[in-house]
Amino acid sequence: LSRIAEGLFLQCSSLEGLVLPNGVQMIGLGAFGNCTTLEDIEIPNSVTNIGKLTFAECSSLRKVVIPNSVAKIGAGAFQGCASLESIEIPDSIIDIERYAFAKCPKLRNIILPKHLSKIATGLFWQCSSLEGVVIPNSVKDIAGNAFGGCVSLDIDLSQNLHFIVNEGVLLNKEANKIVSFLSSNKIKEYSIPNSIVEIGSG
């Protein structure tokens with residue numbers, strides 16, 4: 001078995017745990033979507049691609065360990081996992097698509113992989129308990145609304161030379177582009193500096 005087919009376990013509302021066999025390389029679109037009682041999943045080291053919406057709305061899933069064989073996480077893969085508190089993302093991952101971890105209100109801390117070049121649109125949207133994100137120096141692009149609704153967030157840029165935070169606003173290092181207004185800072189008033197020539201979408 002090399003592939004878990006699209007929607008294979010979709011809406012299996014009594015499924016609580018599953019061990020995937022070694023040899024599986026691809027988990028297809030929505031394979032475990034809306035499995036609302038799924039608490040535990042073991043992803044084997046053979047998996048290279050976690051597809052779009054794979055675990056979307058798995059509201060009982062608490063912890064995920066992604067093996068270092070995985071290179072890509074598809075759009076919305078863990079979106080709406082309301083109980084997800086912890087996810088380990090290995091440095092093998094080079095692409096995480098939009099909204100992959102959106103609406104995970106219990107997720108607290110994330111260390112992004114050191115080869116990731118972009119933080120996609122809405123990646124952590126509405127992760128209201130997210131307290132810390134370590135952004136590696138490989139990240140040179142942060143898309144709109146990547147951290148929208150992250151009201152508890154403290155972004156760690158100590159390893160990144162491409163962005164700065166000033167007065168609760170995420171800027172590029174040249175300070176001529178506003179990347180995002182961070183929800184955690186509850187900005188009431190902000191004067192746009194004369195140096196700004198571009199404002200991002202989120």
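Between which two strands is the loop that holds E131 found? In this predicted model, the loop runs between strand 11 (118–119) and strand 12 (132–134). The legends below start from that residue.

**View 1. Surroundings of E131 in the loop between strand 11 and strand 12.** E131 has a relative accessible area of 38%. The residue therefore counts as partly exposed, since that class lies between the limits of 20% and 50%. Leaving aside neighbours within four places in sequence, E131 is in contact with R108 and N109, and also with S152, L153 and D154. I155 is 24 residues away from E131 in sequence, and the two C-alpha atoms are 8.1 Å apart in space.

**View 2. N160 and its polar contacts in the loop between strand 14 and strand 15.** The loop that carries N160 joins the range 154–156 of strand 14 to the range 163–166 of strand 15. N160 is at 5% relative accessibility and counts as buried, because the limit for that class is under 20%. Two polar contacts of the N160 side chain with backbone atoms are shown. A polar atom of the side chain lies 3.0 Å from the backbone oxygen of V139. The side chain also reaches the backbone nitrogen of H162, at 2.7 Å. Not counting residues up to four places away in sequence, N160 touches I135, P136 and N137, as well as V139.

**View 3. The open sheet formed by strands 15, 16, 17 and 18.** The sheet has four strands in the order 15-16-17-18, with mixed pairing. Strand 15 and strand 18 stand at the edges and have a single partner strand each, so one side of each is left without a neighbour in the sheet. Strand 16 (residues 169–172) and strand 17 run antiparallel and are joined by three bridges. In strand 17, S180 stands opposite L170.

**View 4. A nonpolar surface patch that includes I192.** The patch is formed by F181, I187, I192 and I199, which together have about 340 Å² of accessible area. I192 lies in the loop between strand 17 (177–181) and strand 18 (198–199). What is the relative accessibility of I192, and how is the residue classed? The value is 46%, so I192 counts as partly exposed.

Methods. Residues are numbered from 1 along each chain as its sequence is written. This is a predicted model: local features need pLDDT of at least 70, side-chain atom pairs count only at pLDDT 80 or more; totals for chains, interfaces and linings use all residues. Side-chain values use heavy atoms; hydrogens and water are left out. Buried means under 20% relative accessible area, exposed over 50%, partly exposed in between (1.4 Å probe, protein chains only). Contact means heavy atoms within 4.5 Å. A polar contact is a pair of N or O atoms within 3.5 Å; within protein, one must be able to donate a hydrogen and the other to accept it, and residues adjacent in sequence count only if both atoms are side-chain atoms. Patches are made of residues with over 30% relative accessible area and no salt bridge: like charges are joined within 9 Å, nonpolar side chains (Val, Leu, Ile, Met, Phe, Trp, Tyr) within 5 Å. Accessible areas come from the Shrake-Rupley method with a 1.4 Å probe; for residues, only the protein chains shown count as cover. A salt bridge is a side-chain nitrogen of Lys or Arg within 4 Å of a carboxyl oxygen of Asp or Glu. Two strands pair if DSSP finds at least two bridges between them.
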